[in-house]
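Here is a short set of exercises to work through with the model open beside you. Try each task before reading its solution.

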Amino acid sequence: MMAREVYLDNSSTTPMHPEVLKEMQTLLERKYGNPSSLHRLGNDAERTLSSSRQLLAEQLGVKSGEIYFTSGGTESNNMALAGIARRNYRRGKHLLTSKIEHPSVLEPLKKLEVEGFQVTYLEPDRNGLLDPFQLAETVTPKTILVSVMHVNNEIGTIQPIAEIAAAIKRKNPQTIVHVDAVQSFTRLPLSPREQGIDVLSISAHKFHGPKGTGALYIRGGILVEPLLAGGEQEKGLRAGTENTPGIAAMALAARLNSENRKEKTAQSKIFKEKMLSSIETAHPWAQINGPRKAEGVPNILNISFPGLKGEIILHALEEHNIFVSTGSACHSRKNKPSHVLEAIGAEKAALDGAIRMSFSCMNTTEEIEYAASKIPQVISELKAFMS
Amino acid sequence: MPLLLIRYGEIALKGKNRPFFEKKLHKNIRNTLKGLEPFQVTFEKGRFFISITSENISQAQERLQKVFGIISISRAARVSLDLQEICIEALQLLKDNYKPGMTFKVNTHRSNKSFHLTSPKINSTIGAYVLDSELDIQVDVHNPQLLLTVEIRNKGAYLYAEEAAGPGGLPVGVNGKGILLLSGGLDSPVAGWMALKRGIELEALYFHSPPFTGEGSVNKAVDLCKVLATYGGTLYFHLAPFTELQKQIRLNCPESLMITLMRRAMLRVAEKLAYQRKAGVLFTGESLGQVSSQTLENLAATNEVASLPILRPLIGFDKEEIIDRARKIESYDISIRPFEDCCTLFVPPHPATRPSLAELQEAENMIPLKELEESCLGNIETIKILPRGGER
């Protein structure tokens, strides 16, 4: 058994980068001031806040005034959808999204439907891909907002967001394009201006930053209604004392995780291929969910063992200190099959027997080799006994 | 210090056993109040009195409402056996609960017959005194909005205006010890609660099948025990490893018999544990006909393996009734957490509803049952679960 845990659940959350952790600790200890305070401690915190905003803006190639700090991906998505829909309904009440979005997109949309908005949910193909032209066809003069995730958290599909944005804008230049980039930010190149993205959500704990911190990019000129009533923070769009240590840690994590992107991607690719080839050699009956190598991100691998139960595989691997997930962690506690796998047409047995492995740059070759040799073994043991 | 007056019921009826029952209840009351010191529990014929600080009184009352044997709990005031003082206190109590135009009634119990006035006389004296005050208030002997109770006892007079119901039943421990076969489901915690209610001291036995069931399932069972411990006090939780037994049954025995064979194995282990722990009875959450493994034949097949009585308090309950009770005792939200447990793991598509004993015994002969069960029993891990929070 490996002494240390082999953590292959990085799409759920990531461990903090040691440097980020250190930075955050220092800030928590020393820079505890409230950025709104008028004294020196307040000013210090305010400077930290604005330099973090600047750093994050540079990562995205946008203006620092277009970055708003939130409590994470869920809040960013809620603010983008509900905030924009409620503020812009006079232009129309039609919203557009896909069936494989994260619950933090789908649930606010459901609420908006109750409030009188019409929402169209587009179906992806078997690999989870959306067709930009099909999307654009659904856009009407009344479509105020389209929300599409960049990388799917369960199966790793990368949407062609630039093409999607362009197709939508050709049909209706007024339509606002929101991208949930929670899984992709720092891992894939992102430049909202070039790609035609108007609003973009990110979350720190998905890229080795702390939990409870995120951000929303809102292109200048777009009107958003705040979700929370309170103080004047974030230009009145997000009341509540800023989480300065978390925000600074997020900005640092963003910079660190974006460095050497090519090498990291190449390494992830090797991990995924190693894992895949060792599983497929031992168990040719295993099924990959979502895109094969090229179209998906290299750090997510979703694979089904029909006849076995995902939860049982998960616990069996846990015995060997290997940590994976069934579907996505957000709904793996409900005994409900994944809506993403359902939407891409997975069969019942594949739904029940799915596990997801997600890698990060903090995994080592040694860990992956260990896991790649252990997982097929565990599957063989379970198969002998369960099906 | 403020005072809680506790009335207890059924136990007052039990002739010679009474002092034993009262002692147990006294101990259970003291245990449940641990952590709310300083307090004092005194006992006087048919009542317990608890004096406790005003900051802890609400919490104490909440906890006492889960102590079996208690019929009701009242916040009471105590004064000396002096009519004038009683009247003043009565007026104060009415003022504390006053709404203009309200109706009231005084109800006196005089267990201290040496007090110079009879109960009706005391009622009317207090009534007259109150009506004489500036309060806008009327007597209504049939449907009073406020019932003021006065108890004239040897050590003083007690007055109270409200009564919170206790859970009834018998003090935990007066009827010996039992082992509860706990699953993660809705039924068994309710069965355990009913056992506690009849004065049984419980220990819980939970079978887990690592790696097929994860830590989440064990935590769920522990959390259910914590709920039971708030009613029954400290409780021992026995975690029995079931993987090998389950594997052997799965690999060597007919699939349709699997559930019944597993239950038989569990009950055999449970009975052995009961002897070790000096328990005299087994409890399960089974009811009749709820699922196909709960036919009369299947119950008979499980009964056959143990000589200790197997009690099934839910036998006459509908699922709805079980759910209602589970909500009331607050086990429901824990029970519905979706973790696999070892019974839901390999449910065969068509479990046998009428297995014969011969069939079952034949199947059991195909595996080294005795060794497997011994090893399961020998590897039980025991955790002590305390009513509030702690475990060790």
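Helices (H or I, at least four residues) and strands (E, at least two) are DSSP runs, numbered from the N terminus. The expected span of a helix is 1.5 Å times one less than its number of residues.

This is a predicted model, in which local features need pLDDT of at least 70, side-chain atom pairs count only at pLDDT 80 or more, and totals for chains, interfaces and linings use all residues. Residues are numbered from 1 along each chain as its sequence is written, chains are lettered from A and ligands numbered from 1 in the order in which they are written, and side-chain values use heavy atoms, with hydrogens and water left out.

**Exercise 1.** Describe helix α8 of chain A, from its length to its ends.

*Solution.* Start with the span: α8(A) covers residues 244–258, and its 15 residues reach 21 Å from the first C-alpha to the last, close to the 21 Å expected. Next, look at the surroundings: 14 of the 15 residues are buried (under 20% relative accessible area with a 1.4 Å probe, protein chains only; exposed is over 50%, partly exposed in between). Now go to the N-terminal end, where Asn243(A) acts as a cap, with a side-chain oxygen 3.0 Å from the backbone nitrogen of Gly246(A). Finally, Asn260(A) follows the helix and has a positive phi, near 50°.

**Exercise 2.** Classify two aromatic pairs in chain B and place them in the fold.

*Solution.* First, the rule: rings of Phe, Tyr and Trp (its six-membered ring) pair if their centres lie within 6.5 Å; planes under 30 degrees apart are stacked, over 60 edge-to-face, and the rest tilted. Over all chains, the structure holds 12 such pairs. Tyr8(B) and Phe48(B) are 5.5 Å apart centre to centre with 50° between the planes, a tilted pair. This pair joins strand β1 (residues 3–8) to strand β3 (residues 47–52) of chain B, 40 residues apart. Tyr8(B) is buried at 7% relative accessibility, and Phe48(B) is buried at 1%.

Then take Phe49(B) and Tyr158(B): their centres are 4.2 Å apart and their planes at 15°, so the pair is stacked. Phe49(B) lies in β3 and Tyr158(B) in strand β8 (residues 156–160) of chain B, 109 residues apart. Both are buried.

**Exercise 3.** Which residues do ring pairs link into a cluster?

*Solution.* Follow the ring pairs, and you find Tyr8(B), Phe43(B) and Phe48(B) linked together.

Notes: Polar contact = N/O pair within 3.5 Å; in protein donor to acceptor, adjacent residues only side chain to side chain.
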